[in-house]
Amino acid sequence: MNPHGSRAFAPGRVNLIGEHTDYNLGLCLPFAVDRGVTVTAELRDAGEIVAPGLPDDDPYLRGAVAELRATDMDLPGCTLAVDSDLPREAGLSSSAALSIALVLALTAAAGAHRPEPADLARLCQRIEHEYTGVETGLLDQLASILGEEGRAVRLDMRTLDSRQVALDLGDHALAALDSGSSRSLAESGYNDRRAECERAAELLGVESLRDATDWSGLPDPLDRRVRHVVTENERVDAAVRALEREDLGALGELLDASHRSLRDDYEVSVPEVERAVDACREAGALGARIMGGGFGGSVLALFPPGADPPTGALPVAPSRGARVL
Ligand code: GLA
């Protein structure tokens with residue numbers, strides 16, 4: 001440990017495909033982006049942990065400190081500085097990045113070992129569940145932790161197995177376009193979807209929707225929720241195969257199919273998002289879809305060489321994951 005303190009960086013994430021599958025123990029294909037949150041912890045004599053740049057009752061700070069203490073970690077007094085170049089509430093997981101960077105900086109300041117990826121992801125997920133009340137899965141945390149340059153990571157949320165997949169875009173480009181509709185009102189909608197999936201699994205008599213095969217007897221809209229989850233899992237592996245044969249046209253079609261399913265079956269789109277998707281398509285995108293939890297946030301689009309993405313679109317490329325600096 002540096003005697004003066006520590007510093008850690010955690011990136012935001014883009015999910016290429018595999019949306020609302022993580023809490024159904026399904027498949028996802030995210031990557032870490034090159035923007036994120038940096039937390040610097042400077043040791044101080046007094047025993048408290050203070051973060052002048054965060055609100056007094058910031059749930060991520062409270063959660064990180066409480067969850068680390070619950071592992072018996074002896075945290076030293078320190079002043080935390082938080083610096084971010086990630087837009088907030090744009091669906092790029094700025095909150096997961098903040099909690100991971102806080103946890104890594106505090107762990108390093110305590111002179112303790114970095115937790116294993118799955119343990120770190122679960123600890124940060126508990127911060128979301130217990131301190132912000134959003135029942136997220138593990139997608140955002142694992143994407144930020146496991147990111148590698150030039151690769152997306154195929155995540156199996158049942159086993160937590162991960163496999164890096166080369167994401168070679170050639171002259172194509174991926175970009176995230178903020179719909180302008182903030183995700184801050186999204187929580188209740190997100191938790192509602194999660195509850196619907198639990199109910200559907202119960203009615204089908206399966207442990208999770210990963211195991212659903214026949215949902216024809218379910219009432220509407222539960223049948224459509226299940227259809228989204230099952231077909232989205234299939235699209236993840238179809239996307240991996242498309243990347244392996246460098247077929248970016250097929251990848252674009254899968255992004256479009258994912259969007260249709262999220263809009264019509266899972267019903268997590270809003271008019272601002274539809275307009276952002278249309279703007280990307282008009283700019284020549286090979287595919288575009290709502291990304292992340294939905295009800296606002298960003299759209300992800302794949303552009304062919306020479307296309308001119310809409311104003312404000314942020315180029316995103318797979319980058320290195322969270323680390324102590
Ligand atoms: C949010 C959650 C993730 C995941 C996505 C939807 O980003 O934090 O756990 O459920 O929505 O795929």
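# A tour by residue selection

Leucine 25 is partly exposed, with 23% relative accessible area. The model you have open is predicted. Leucine 25 sits in the loop that runs between strand S1 (5-15) and strand S2 (27-28). Check its backbone: phi is near 55°, a positive value in a residue other than glycine. Most residues other than glycine have a negative phi, and most peptide bonds are trans.

**Stop 2: glutamate 19**

Stay in the loop between S1 and S2 and select glutamate 19, which is found there too. Is glutamate 19 buried or exposed? Its relative accessible area is 2%, so glutamate 19 counts as buried, the cut-off for that term being under 20%. Now show what surrounds the residue. Setting aside neighbours within four places in sequence, glutamate 19 is in contact with Leu139, His228, Glu232, Leu262, Arg289, Ile290, Met291 and Gly292. For a distance to draw, take the C-alpha atoms of glutamate 19 and alanine 238: they are 219 residues apart along the chain and separated by 14 Å.

**Stop 3: glycine 12**

Go back into strand S1 and select glycine 12. Glycine 12 is buried, at 0% relative accessibility. Not counting residues up to four places away in sequence, which residues does glycine 12 touch? They are Phe31, Ala32, Val33, Arg35, Gly36, Leu86, Leu92, Ser93 and Ala97. A second distance can be drawn from here: serine 319 is 307 residues away along the chain, and its C-alpha atom is separated from that of glycine 12 by 9.9 Å.

**Stop 4: alanine 81**

Select residues 78-84, which form strand S5, and pick out alanine 81 in it. Alanine 81 is partly exposed, with a relative accessible area of 42%. Leaving aside neighbours within four places in sequence, its contacts are Thr38, Val39 and Thr40. Draw a line from the C-alpha of alanine 81 to that of proline 117: the two residues are 36 apart in sequence and 24 Å apart in space.

**Stop 5: helices H3 and H4**

Proline 117 leads to the next selection, helix H3 (residues 117-132), to be shown with helix H4 (residues 139-146). Two packed helices are described by the angle between their axes and the distance between the axes. Here the axes come within 9 Å and cross at roughly 140°. That angle makes H3 oblique to H4, and the crossing is right-handed. To display the contact, select Pro117, Leu120, Ala121, Cys124, Gln125 and Glu128 on H3, and Gln141, Leu142, Ile145 and Leu146 on H4. By type, the residues of this contact divide into seven nonpolar, two polar and one charged.

**Stop 6: the cysteines**

Keep cysteine 124 selected. At 0% relative accessibility, cysteine 124 is buried. A disulfide is a covalent bond between the sulfur atoms of two cysteines. How many disulfides does the structure hold? The number is zero. Why does cysteine 124 not form one? The closest cysteine sulfur, in cysteine 78, is 16 Å from the sulfur of cysteine 124, which is too far for a bond. Then select cysteine 28, which is buried as well, with a relative accessible area of 0%. For cysteine 28 the closest cysteine sulfur is in cysteine 197, 13 Å away, again too far for a bond. The cut-off for a disulfide is a pair of sulfur atoms within 2.5 Å.

**Stop 7: proline 221**

Move to the loop between helix H5 (186-204) and H6, the place of proline 221. Is the peptide bond from aspartate 220 to proline 221 cis or trans? This bond is cis, with omega near 5°.

**Stop 8: helices H6 and H7**

Select helix H6 (residues 222-244) and helix H7 (residues 248-265), which pack with their axes 10 Å apart at an angle of about 170°. H6 is therefore roughly antiparallel to H7. The H6 side of the contact includes Arg224, His228, Glu232, Arg235 and Ala238, and the H7 side includes Leu251, Leu254, Ser258, Leu262 and Asp265. The residues of the whole contact divide into ten nonpolar, four polar and seven charged. Some of these residues were met at an earlier stop: His228, Glu232 and Leu262 are among the contacts of glutamate 19.

**Stop 9: phenylalanine 295**

Finish in the loop between strand S9 (287-290) and strand S10 (298-303), where phenylalanine 295 is placed. Its phi is near 60°, a positive value in a residue other than glycine.

Terms used: Residues numbered from 1 in each chain as written. Predicted model: local features only at pLDDT ≥ 70, side-chain atom pairs only at ≥ 80, totals over all residues. Heavy atoms only, no water. Buried < 20%, exposed > 50% of the residue type's maximum accessible area, 1.4 Å probe, protein only. Axes fitted to C-alpha atoms, helices over the stretch in contact; angles between N-to-C directions. Helix = DSSP H or I, 4+ residues; strand = E, 2+ residues; numbered from the N terminus. Parallel < 35°, antiparallel > 145°, perpendicular 65-115°, else oblique. Left-handed = near helix turned anticlockwise from the far one by under 90°. Contact = heavy atoms within 4.5 Å. Nonpolar A, V, L, I, M, F, W, Y, C, P; charged D, E, K, R; others polar.
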